[in-house]
Amino acid sequence: VRLVDALGGVEVDVPAPSTDTQFPTADYGVTTIHFDAGRQILDGERALIYVRTRHADGDFGRSQRQQQVARAMAARLTQPSAWPRLPQVYDVLRSGLQTDLDTGDWPGLAQLVLDMADGRVQTATLAEGYTTPWTTPGGAWVLLPNWLAIEQIVTALFGPG
């Protein structure tokens, strides 16, 4: 939330209208949230809701939204209108991120952000055909991997081997 707000919001293109009537609230209740289709600027709180909602389309759709917002944050960082906000972004990252990266790793990370913003980073999201629902003996609902299908995605992203 703080990072998106430090960026001045992020622009996402919501592919279809989405309503979740069971979105969890901080007090353990539920509320209804809705997103219209189309391009929109999301502030931090709204972006968090967007990446967390799952009752309208499940965990697979949620994963796609999380990747979409990560790409939107990268794109926002490359816009000159966001550059005056970089000190705020740095402060948010510094106060909320622990890492073992050293300063020599930052140029590679910056290149990754640029590549994400330009669409040069390939991503994949597992869909329903890549897993099988199963209930454990303890009653938990889990997804079992379809390794053959997943291997095809991994090969497409990284090559054989």
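# Reading a predicted model, feature by feature

Trainee: How do the residues that line the largest pocket divide into nonpolar, polar and charged?

Mentor: The lining of the largest pocket has 18 nonpolar residues, two polar and one charged. Keep in mind that this is a predicted model.

Trainee: How does one find a pocket at all, and what is the volume of the largest pocket here?

Mentor: General idea first. A probe the size of a water molecule is rolled over the atoms, and it shows where empty space is left. Now this case. The volume of the largest pocket is about 740 Å³. Its lining holds 21 residues. Closest to the centre are Leu77, Leu93, Trp106, Leu109 and Val113.

Trainee: Which elements give two or more residues to that lining?

Mentor: Look at α3 (58-77), α4 (86-96) and α5 (106-117). The largest share is from α5, with seven residues.

Trainee: Now the second largest pocket. How much space lies in it, and which residues lie nearest its centre?

Mentor: About 240 Å³ of space lies there. The lining has 15 residues. Find Glu11, Val12, Arg71, Ala72 and Ala75, which lie nearest the centre.

Trainee: Which elements supply at least two residues each to the second lining, and what classes does that lining have?

Mentor: The suppliers are β1 (10-14), β4 (38-42) and α3. Here α3 gives the most, five residues. By class, the second lining has six nonpolar, four polar and five charged residues.

Trainee: Let me step back. How many helices and strands does the chain have?

Mentor: Six helices and six strands. Read them along the sequence and the pattern is α-β-β-β-β-α-α-α-α-β-β-α. The C-alpha atoms fill a box of roughly 50 × 45 × 30 Å along the principal axes. Of the 161 residues, 23% are buried.

Trainee: How many aromatic pairs does a search of the whole structure find?

Mentor: One. To read a ring pair, take the distance between centres, then the angle between planes. An angle over 60 degrees counts as edge-to-face. The rings of Phe35 and Tyr50 have centres 5.1 Å apart and planes at 65°, so they are edge-to-face.

Trainee: Where in the chain do the two partners sit?

Mentor: Phe35 is in strand β3 (residues 30-35), and Tyr50 is in helix α2 (residues 44-52). They are 15 residues apart, so the pair links distant parts of the chain.

Trainee: Are Phe35 and Tyr50 buried or exposed?

Mentor: Use the cut-off: under 20% relative accessible area means buried. Phe35 has 1%, so it is buried. Tyr50 has 3%, so Tyr50 is buried too.

Trainee: Which charged residues lie over these rings?

Mentor: Check each ring in turn. Over Phe35 sits the charged end of Arg46, 3.8 Å from the ring centre. Over the face of Tyr50 lies Arg65, at 5.8 Å from the ring centre.

Trainee: On to strands. How many bridges join β2 to β3, and which way do the strands run?

Mentor: The general idea: in a regular strand, side chains alternate between the two faces of the sheet. In this case, β2 and β3 run antiparallel and are joined by five bridges. Take Phe23 as an example. Its bridge partner in β3 is Thr31. The hairpin leaves five residues between the strands.

Trainee: What is unusual about phi in that hairpin?

Mentor: Most residues other than glycine have a negative phi. Tyr28 is not a glycine, yet its phi is positive, about 70°. Tyr28 lies in the loop between β2 (18-24) and β3. Its relative accessibility is 81%, so Tyr28 counts as exposed.

Trainee: Which other strands form a hairpin?

Mentor: β5 and β6, with five residues between them. Gly139 in the turn has a positive phi of about 95°. Five bridges join β5 (residues 131-135) to β6 (residues 141-145), and the strands run antiparallel. One bridge to find: Thr131 has Pro145 as its partner in β6.

Trainee: One last residue. Where does Gln88 lie, and is it buried, partly exposed or exposed?

Mentor: Gln88 lies in helix α4. Its relative accessibility is 42%, so it counts as partly exposed. Now measure out a distance on the model. Gln88 and Ala127 are 39 residues apart along the chain, and their C-alpha atoms are separated by 36 Å.

Definitions and conventions: Residues numbered from 1 in each chain as written. Predicted model: local features only at pLDDT ≥ 70, side-chain atom pairs only at ≥ 80, totals over all residues. Heavy atoms only, no water. 1 Å grid on protein atoms, 1.4 Å probe; cavity = no way out; pocket = protein on both sides within 12 Å on 5 of 7 lines; lining within 4 Å. Points joined across faces, edges and corners; volume = space filled by probe spheres on them. Helix = DSSP H or I, 4+ residues; strand = E, 2+ residues; numbered from the N terminus. Nonpolar A, V, L, I, M, F, W, Y, C, P; charged D, E, K, R; others polar. Phe/Tyr/Trp six-rings, centres within 6.5 Å; stacked < 30°, edge-to-face > 60°. Buried < 20%, exposed > 50% of the residue type's maximum accessible area, 1.4 Å probe, protein only. Lys NZ or Arg CZ within 6 Å of the ring centre and 35° of its normal. Pairing = 2+ DSSP bridges.
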